[in-house]
Amino acid sequence: MSEFIEVENVSKTFKVSRRPAGIPGMIANLFAPKYEKKEAVKEVSFQIGQGEMLGFIGPNGAGKSTMIKMLSGILCPDKGSIRVGEFLPYRQRKKYVGNIGVVFGQKSQLQWDLPVQDSYELLRAIYAIPEDTYQKNLNQFIDMLNMGAFINQPVRQLSLGQRMRADIVASLLHSPKIVFFDEPTIGVDVVGKQVIRDFIKELNRKEQVTMIFTTHDMQDIEKTCERLIIIDQGSKMYDGSLQGIREKYGTTRQLDVEFNFECEIAPFHHVKVQPLKEEGHIKKRFIYEQGQVHINELMNHLLTHYSIRDINITEPDIDELICKIYGGEV
Ligand SMILES: Nc1ncnc2c1ncn2[C@@H]1O[C@H](COP(=O)(O)OP(=O)(O)O)[C@@H](O)[C@H]1O
Ligand SMILES: [Mg+2]
């Protein structure tokens, strides 16, 4: 069976105007505008099954929003193809939008001066949502997102977290089976983030809504997704599980050892030693690759040759690993 969403070798380049400085530059630019090419997405491919939830993570400018815009039919890829269910998003835009939900964290689709609920009524009319579907969804989402207290307030009076929740509901009133979220937690406080994450997870689990969301917050991914795609400078760097990242890239281990006395450390296999400064303690960090050094061997060696007070072993932090993947170090 073919996958629900199929993205094949998709690329998108923007033309960015490069105007020389000053008034002469401005005039020259009027007659012979200079452009520079910016490859926002480069040959990206992936597939998603129905009901799956996928997190797109990458630093600022990585190409996440561009990818979401192409998936939701707002932008046309320059190269490659995108199919979502039975649709070609950009080419069948009009029919397609009725089947998807899109949330852009940085751009609201609500009416600034109207109470939240009035904006929803407008959307109900625009999308011609049947009354019973609308009521059922609205009641359920207000409850799940705890929105009772501000549903009748104008959007401009809401906090960012409240506004985001209101926007999420707006994109779901027509019961789409596919939802794209672009940075749904951006600028939201810790508690608000958790509410949004729980909601996204619940919606995916209960209603089997297929979801793709982007974030630059690793916590969003850790708390919601089983699968993630890491994107940097437009290219896909990784596609798989969080655990897979640990297995593939997290092979460095560090052993922090506290000694009873100051001592010289003799070289041992491929282990690197770093002095650690801590007041009143003599500590050193031993760094090694899991495949090259066996922990038991290292511990035995240390315990037989040195007077040791304490030992701690740490795995690399997932944030650190992802930064390494961004940085192209691995
Ligand atoms: N409409 C546009 N015109 C020109 N350049 C753009 C446009 N949209 C995005 N870009 C550029 O493409 C790159 C990727 O942007 P974007 O997809 O917004 O990244 P992200 O969402 O991961 O932060 C950035 O370098 C950005 O400046
Ligand atoms: Mg973005």
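Student: Which residues are around ligand 1?
Tutor: This is a predicted model, so let's read the shell straight from its atoms. By class, the shell has four nonpolar, five polar and two charged residues. The residues around ligand 1 are Phe-14, Lys-38, Ala-40, Pro-59, Asn-60, Gly-61, Ala-62, Gly-63, Lys-64, Ser-65 and Thr-66.

Student: Which element gives the most to the shell around ligand 1?
Tutor: Two elements each supply at least two residues of that shell: strand E2 (35-48) and helix H2 (64-71). The one that gives the most, with three residues, is H2.

Student: What percentage of the area that ligand 1 exposes when taken alone does the protein bury?
Tutor: Start with the polar atoms that ligand oxygens meet. One oxygen atom of ligand 1 is 2.7 Å from a polar backbone atom of Gly-61, and an oxygen atom is 2.9 Å from a polar backbone atom of Gly-63. The side chain of Ser-65 also takes part, with an N or O atom 2.8 Å from an oxygen atom of ligand 1. Taken alone, ligand 1 exposes 570 Å², and the share the protein buries is 65%.

Student: How many residues apart in sequence are the parts that Arg-83 and Glu-6 tie together?
Tutor: Nice one to trace on the model. The two side chains meet in a salt bridge, 2.5 Å from N to O. Arg-83 lies in strand E4 (residues 79-84) and Glu-6 in strand E1 (residues 5-17), so the parts tied together are apart in sequence by 77 residues.

Student: Is Glu-6 buried or exposed?
Tutor: The cut-off for buried is under 20% relative accessible area. Glu-6 has a relative accessible area of 18%, so Glu-6 is buried.

Student: Where does Asp-78 lie?
Tutor: The side chain of Asp-78 meets that of Lys-12 in a salt bridge (3.6 Å, N to O). Lys-12 is in strand E1, and the pair ties together parts that are 66 residues apart in sequence, because Asp-78 lies in the loop between H2 and E4.

Student: Which residue forms a salt bridge with Lys-193?
Tutor: Lys-193 sits in helix H7 (residues 190-207), and its partner is in the loop between strand E7 (210-215) and helix H8 (218-224). Both residues are buried. The closest N and O atoms are 2.9 Å apart, and the partner is Asp-217.

Student: What is the accessible area of the nonpolar patch on the surface?
Tutor: The patch is formed by Ile-23, Met-26, Ile-27, Leu-30 and Phe-31. Among them, Met-26 belongs to helix H1 (residues 22-31) and is partly exposed, with a relative accessible area of 40%. Together the patch residues have about 590 Å².

Technical notes. Residues are numbered from 1 along each chain as its sequence is written. Chains are lettered from A and ligands numbered from 1 in the order in which they are written. This is a predicted model: local features need pLDDT of at least 70, side-chain atom pairs count only at pLDDT 80 or more; totals for chains, interfaces and linings use all residues. Side-chain values use heavy atoms; hydrogens and water are left out. A residue is near a molecule or strand if one of its heavy atoms lies within 4 Å of it. A polar contact is a pair of N or O atoms within 3.5 Å; within protein, one must be able to donate a hydrogen and the other to accept it, and residues adjacent in sequence count only if both atoms are side-chain atoms. Accessible areas come from the Shrake-Rupley method with a 1.4 Å probe; for residues, only the protein chains shown count as cover. Helices (H or I, at least four residues) and strands (E, at least two) are DSSP runs, numbered from the N terminus. Ala, Val, Leu, Ile, Met, Phe, Trp, Tyr, Cys and Pro count as nonpolar, Asp, Glu, Lys and Arg as charged, and the others, Gly among them, as polar. Patches are made of residues with over 30% relative accessible area and no salt bridge: like charges are joined within 9 Å, nonpolar side chains (Val, Leu, Ile, Met, Phe, Trp, Tyr) within 5 Å. A salt bridge is a side-chain nitrogen of Lys or Arg within 4 Å of a carboxyl oxygen of Asp or Glu. Buried means under 20% relative accessible area, exposed over 50%, partly exposed in between (1.4 Å probe, protein chains only).
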